[in-house]
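Subject: Handover of a structure for your study

Dear colleague,

Please find below the structure that I am handing over to you. After it, I set out what was found there.

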Amino acid sequence: VGRSELAAAASLGHARQISPRAKREAYVALAVSILIYGCECWCLTEKLWAKLRKFHRSCARAMCRITKWHTEKCRISTASVLQTLRLRSIRTYVVRRQLQWAGHVARMEQFRLPRKFLTSWCYQARSCGRPEFAYGEGLDAALRFANVDKKTWMSTAQDKATWKDI
């Protein structure tokens, strides 16, 4: 890839002739899809969420041709930029994918391995210390974000249409 191709790709977010709607559609279809590929099994700490939010905010500002200087000088909030572009928070995109996968696994037969792993319990004690973050904790956070009851989510997920609405 030559220098001119890189410059053209970098200026795409700043192009005036491309409508904000087209920029949003391309961003969601391409950049967000690539960014959160495989997020169904991620265990995201707050530090990782902050990195995702930072990237999302910078892309939204670039699509609106807003620099950091404009943001500070004119007090432009991230919420207003996202609302202008009709974008959701990055957490919404990630949680949606995580809950789609969790619902898919919840509807699987009992003998399938993903379902066994989701509903299994390890009786062996862990070694000293603990993992930085476990998948179950991430799923709990996603359920809380979507206002789904932690105790009844498996039965709610059995109805595919209802789960999709959530």
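I begin at the end of one helix: arginine 65 follows α3 and has a positive phi, near 60°. Please keep in mind throughout that this is a predicted model.

The chain as a whole

The chain contains 10 helices and zero strands. Read from the N terminus, its elements therefore run α-α-α-α-α-α-α-α-α-α, with DSSP runs used to assign them. Of the 166 residues in the chain, 27% are buried. Among contacts between residues at least 6 apart in sequence, 63% join residues at least 24 apart.

Helix α3

Helix α3 covers residues 46–63. Its 18 residues should span 26 Å at 1.5 Å a residue, and the C-alpha atoms at its ends are 26 Å apart, so the two values agree. The buried residues of α3 are Trp49, Leu52, His56, Cys59, Ala60, Arg61 and Met63. The cover over these buried residues includes α2 (20–35), α4 (68–74), α5 (78–85) and α6 (90–106).

Two residues of this helix deserve a separate look. Is histidine 56 buried or exposed? Its relative accessible area is 3%, and because buried means under 20%, histidine 56 is buried. The side chain of histidine 56 takes part in a polar contact of 2.8 Å with the side chain of tyrosine 27. That side chain of histidine 56 also reaches the backbone oxygen of arginine 88, at 2.8 Å. If residues up to four places away in sequence are not counted, histidine 56 touches Tyr27, Leu82, Leu87, Arg88, Ser89, Ile90 and Tyr93.

The second residue, arginine 53, is also found in helix α3. Its relative accessible area is 31%; this lies between the limits of 20% and 50%, so arginine 53 is partly exposed. Leaving aside neighbours within four places in sequence, arginine 53 is in contact with Glu46, Ile90 and Arg91. Arginine 53 and serine 89 are 36 residues apart along the chain, and their C-alpha atoms are separated by 7.8 Å.

Helix α6

Helix α6 has 17 residues, and the distance from its first C-alpha to its last is 24 Å, close to the 24 Å expected at 1.5 Å a residue. Buried in α6 are Ile90, Tyr93, Val94, Val95, Gln98, Leu99, Ala102, Gly103, Val105 and Ala106. These buried residues pack against α2, α3, α7 (113–119), α8, α9 (153–157) and α10.

Glutamine 98 has its place in helix α6. Why does glutamine 98 count as buried? The reason is that its relative accessibility is 6%, and buried means under 20%. Apart from its neighbours within four places in sequence, glutamine 98 is in contact with Cys39, Glu40, Trp42, Gly138 and Ala142.

The cavity

How many cavities of 30 Å³ or more does a search of the whole structure find? The search finds one. The largest cavity has a volume of about 40 Å³. Its lining consists of Glu40, Trp42, Gln98, Tyr135, Gly138 and Leu139. Helix α8 (residues 135–145) gives the most to this lining, with three residues. By type, the lining of the largest cavity divides into three nonpolar residues, two polar and one charged. Glutamine 98 thus appears in this lining and also among the buried residues of α6.

The second largest pocket

The second largest pocket holds about 390 Å³ of space. It is lined by Thr92, Val95, Arg96, Leu99, Gln100, Arg107, Phe145, Ala146, Lys160, Trp163, Lys164 and Ile166. Which helix gives the most to the lining of this pocket? Helix α6 does, with five residues. Both α6 and α10 (160–165) supply at least two residues each. The lining of the second largest pocket divides into six nonpolar, two polar and four charged residues. Val95 and Leu99 belong to this lining, and they are also listed among the buried residues of α6.

To close, I suggest viewing α3 and α6 together: α6 is included in what covers the buried residues of α3, and α3 is among the helices against which the buried residues of α6 pack.

With kind regards

Conventions. Residues are numbered from 1 along each chain as its sequence is written. This is a predicted model: local features need pLDDT of at least 70, side-chain atom pairs count only at pLDDT 80 or more; totals for chains, interfaces and linings use all residues. Side-chain values use heavy atoms; hydrogens and water are left out. Helices (H or I, at least four residues) and strands (E, at least two) are DSSP runs, numbered from the N terminus. Buried means under 20% relative accessible area, exposed over 50%, partly exposed in between (1.4 Å probe, protein chains only). A polar contact is a pair of N or O atoms within 3.5 Å; within protein, one must be able to donate a hydrogen and the other to accept it, and residues adjacent in sequence count only if both atoms are side-chain atoms. Contact means heavy atoms within 4.5 Å. The expected span of a helix is 1.5 Å times one less than its number of residues. On a 1 Å grid over the protein atoms alone, a cavity is a set of points where a 1.4 Å probe fits but cannot get out, and a pocket is an open set with protein on both sides within 12 Å along at least five of seven lines; lining residues have an atom within 4 Å of a point. Grid points are joined across faces, edges and corners, and a volume is the space filled by probe spheres set on the points. Ala, Val, Leu, Ile, Met, Phe, Trp, Tyr, Cys and Pro count as nonpolar, Asp, Glu, Lys and Arg as charged, and the others, Gly among them, as polar.
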